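Here are some exercises to work through with the sequence and the 3D view side by side. Try each task yourself before you read the solution.

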Amino acid sequence: MDKLILYFETIPSWHRALILAGGIAIFWIIENAIPFKKFVYNKWQHAFINIFFTVTTIIVNFTLAIILLKTSDLVNQYHIGILHWFSIKNVFLYTLIGLLSMDFFGAYLAHYVEHKTKFLWRFHLIHHTDTWVDSTSGNRHHPGESVIRFLFTTFGVIITGAPMWLVFMYQTLSVVFTQLTHANICLPKKVDHILSYIFISPDMHKIHHHYKLPYTDSNYGNIFSVWDRLLGTYSYMHREDIVFGIDTHTTEKEHNTLNNLLKIPFQPYRNPEV
Ligand SMILES: [Zn+2]
Ligand SMILES: [Zn+2]
């Protein structure tokens, strides 16, 4: 465990980039073998849009990274946050509580608020417009949303009192889970269902991408499914019935052109069908 902590304390940026790019490439290959849905689409053109948003997400996070580093240093210097309230000696328990707290305050809460606040939904909606959810969709975030998510991650670090190695560990796990849950693959139904008792399974997140309410407003989790299950936001539907996209932006001109996707947050607000 000490070695793992040391690794994440000093994880080189190129390792993080490799995990992101390698993951997309591996799932890109696997999804041809066991597709969740057989899409008729221009995979490369679709990938271009989503990789554009992945690159802008990386730029935002890289530019603001110093804020995250300073925040983590300060909360640990002044013993702020959940991890400092109890003196947890067991390093596994410390790590687990830290990851769960980061997952709730930095990710679940961020996602929930993005769905419930009109202003934030305007930005998050771009992620939901994707009608061909695949390995490239995980980081399809408008640059405005990338900033919003960064602020929530920083908030998560403060509430958790997370040291930087824990933040890097969480972010690395988050990249892996994001790719797994978005990739156009399907696990055997039973495996997916059992997995969903602990983690966000691929089917669980794909239900979140169903084009209509109330499913869009459910399964907000990022890594652990405990928050959805505890807080009543868990939902289930048969994978065969899932239709990707969002009912307010159904035409290809709107959801499959970079120019329009960048403008959506500034266009008149559209109410979803209830
Ligand atoms: Zn969402
Ligand atoms: Zn998603």
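**Exercise 1.** Find the spacing that the donors of the zinc ion (ligand 1) follow along the chain.

*Solution.* Keep in mind that you are working with a predicted model.
Step 1: List the protein donors of ligand 1, which are His111, His115, His124, His128 and His208, each through its NE2 atom.
Step 2: Check the distances in the viewer; these donors lie 2.1 to 2.2 Å from the zinc ion.
Step 3: Write the pattern along the chain, and you get H-x3-H-x8-H-x3-H-x79-H.

**Exercise 2.** Are His115 and His124 buried or exposed?

*Solution.* Step 1: Recall that buried means under 20% relative accessible area.
Step 2: His115 has a relative accessible area of 8%, so it is buried.
Step 3: For His124 the value is 0%, so this residue is buried too.

**Exercise 3.** Now turn to the zinc ion (ligand 2): which protein donors does it have, and is its site tetrahedral or irregular?

*Solution.* Step 1: The protein donors are His127, His182, His205 and His209, again through NE2, at 2.0 to 2.1 Å from the ion.
Step 2: Along the chain they follow the spacing H-x54-H-x22-H-x3-H.
Step 3: Two of these donors, His205 and His209, are both buried.
Step 4: The angles among the four donor atoms run from 90 to 156°. A tetrahedral site needs all angles between 85 and 135 degrees, so the upper value rules that label out and the site counts as irregular.
Step 5: Finally, relate the two sites to each other: 6.0 Å separate the zinc ion (ligand 2) from the zinc ion (ligand 1).

**Exercise 4.** Describe the span that UniProt lists for "domain: Fatty acid hydroxylase".

*Solution.* Step 1: An unreviewed UniProt entry gives residues 96-233 for this domain.
Step 2: In the model, this span is 64% helix and 0% strand.
Step 3: Its end C-alpha atoms lie 22 Å apart.

**Exercise 5.** Which residues touch the most other members of the largest nonpolar core?

*Solution.* Step 1: This core has 24 residues, and the answer is Val157 and Trp165.
Step 2: Look for the elements that give two or more residues to the core: helices H1 (2-9), H3 (43-77), H5 (91-116), H7 (143-160) and H8 (164-182).
Step 3: H8 contributes the most, with eight residues.
Step 4: Zoom in on Val157. Leaving aside residues up to four places away in sequence, Val157 touches Leu68, Thr71, Ser72, Val75, Met102, Ala162 and Val167.

Conventions:
Residues numbered from 1 in each chain as written. Chains lettered and ligands numbered in written order. Predicted model: local features only at pLDDT ≥ 70, side-chain atom pairs only at ≥ 80, totals over all residues. Heavy atoms only, no water. Core = buried A, V, L, I, M, F, W, Y, C linked by side-chain atoms within 4.5 Å. Buried < 20%, exposed > 50% of the residue type's maximum accessible area, 1.4 Å probe, protein only. Helix = DSSP H or I, 4+ residues; strand = E, 2+ residues; numbered from the N terminus. Contact = heavy atoms within 4.5 Å. Donors = N, O, S within 2.8 Å, 3.2 Å for Na, K, Ca; no water. UniProt positions renumbered as here; feature names shortened; annotations may be inferred. Tetrahedral: all angles 85-135°; square planar, octahedral: opposite > 155°, others 65-115°.
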